[in-house]
Amino acid sequence: MLSGQIGKKGFFIATLITFWYSSNIGVLLLNKLLLSNYGFKFPIFLTMCHMTACAVLSYVSIVFLKIAPFQRIKSRSQFLRITTLSIVFCGSVVGGNISLRYLPVSFNQAVGATTPFFTALFAYLMTRKQEAWATYGCLVPVVTGVIIASGGEPSFHLYGFIMCIGATAARAFKSVLQGVLLSSEGEKLNSMNLLLYMSPIAVVVLLPAALVMEPNVIDITTTLAVEHRYLGLLILVNSAMAYGANLLNFLVTKHTSALTLQVLGNAKGAVAVVISILIFQNPVTFIGIAGYTMTVMGVVAYGESKRRHK
């Protein structure tokens, strides 16, 4: 009986992880497909579609499906803090989507792997939190690997690279800022409730930004949807998968641990790189692969060093 329950739990977790990989990698590849094909060149509008789906589906999941307990905002101060986080979150997602217009997924993931470097930097600057010197030493190959990969990237694009670095830094900044702004026990929100509140704020921020910075986006997207009959469906599926990736992040952490999610995240980047190269056939070099491998090994060593020196 006990072995049967363990087997069922193992199967459930394995299924969760499979869907987690599929949703995270699927969103990334669909973003690239949409922004590089069909004449659809609107990363801000695409991000707004993602946030709209997250707002609606988060509400349904929490209020009706009870996937996570509903947590109310308790003060105006807490709302302003969530708004700040939402704006930073918008910047990171938009920057990442803009970079996908100009960079191959493989190089995008290589740059994105430097998140721990920026997290450690912002943690020190904002909270004076220090790690062991050995832990900081692990960040050297993280940065060096990206420098090497940049030099060996046949499809290198400076603007795309700047956007990708900016998005990676913003992602790390948001992580540290979240720990600072929502540090008191009474104001902490689980990731699903945080998404529930951040998503509508993000839509309010992104809608005018899309209309101003991507003029005629509605008209052009409607025209493209008529020319390419699957475009509308792809945007819809892509937006739903963006929410699914967040939901599965929450569920995998809930049923395993944050450490498991970190390990899976390291492997996810490598899997995404391989799949994207197979699908998009972008040229790669030995130097580029070597640089990315060095970065990933540095990230793994950094995570292990942090765990040991806790």
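Phe117 is partly exposed, with 29% relative accessible area, whereas its aromatic partner Phe118 is buried at 14%. The model is predicted, and a search of the whole structure returns 11 aromatic pairs and 0 disulfides. The points below cover ring pairs, charges over rings, and cysteines.

**Aromatic pairs**
- The rings of Phe117 and Phe118 meet edge-to-face, at 5.2 Å centre to centre and with 75 degrees between the planes.
- Phe122 and Phe173 also form an edge-to-face pair, for which the centre-to-centre distance is 5.3 Å and the angle between the planes is 65 degrees.
- Because Phe122 belongs to helix α5 (residues 115–127) and Phe173 to helix α8 (residues 158–181), this pair ties together parts that are 51 residues apart in sequence.
- Within that pair, Phe122 is buried at 17% relative accessible area, while Phe173 is partly exposed at 27%.
- One aromatic cluster is formed by Phe40, Phe42 and Phe45.

**Charges over rings**
- Arg128 places its charged end over the ring of Tyr124, 5.0 Å from the ring centre.
- Over the face of Phe89 lies Lys174, at 5.4 Å from the centre of the ring.

**Cysteines**
- The search of the whole structure gives 0 disulfides.
- Cys49 is in no disulfide, and the nearest cysteine sulfur, that of Cys54, is 11 Å away; Cys49 counts as buried at 15% relative accessibility.
- Cys164 is likewise in no disulfide, the nearest cysteine sulfur being that of Cys90 at 18 Å; with 3% relative accessibility, Cys164 counts as buried.

Note on methods
Residues numbered from 1 in each chain as written. Predicted model: local features only at pLDDT ≥ 70, side-chain atom pairs only at ≥ 80, totals over all residues. Heavy atoms only, no water. Disulfide = S-S within 2.5 Å. Buried < 20%, exposed > 50% of the residue type's maximum accessible area, 1.4 Å probe, protein only. Phe/Tyr/Trp six-rings, centres within 6.5 Å; stacked < 30°, edge-to-face > 60°. Helix = DSSP H or I, 4+ residues; strand = E, 2+ residues; numbered from the N terminus. Lys NZ or Arg CZ within 6 Å of the ring centre and 35° of its normal.
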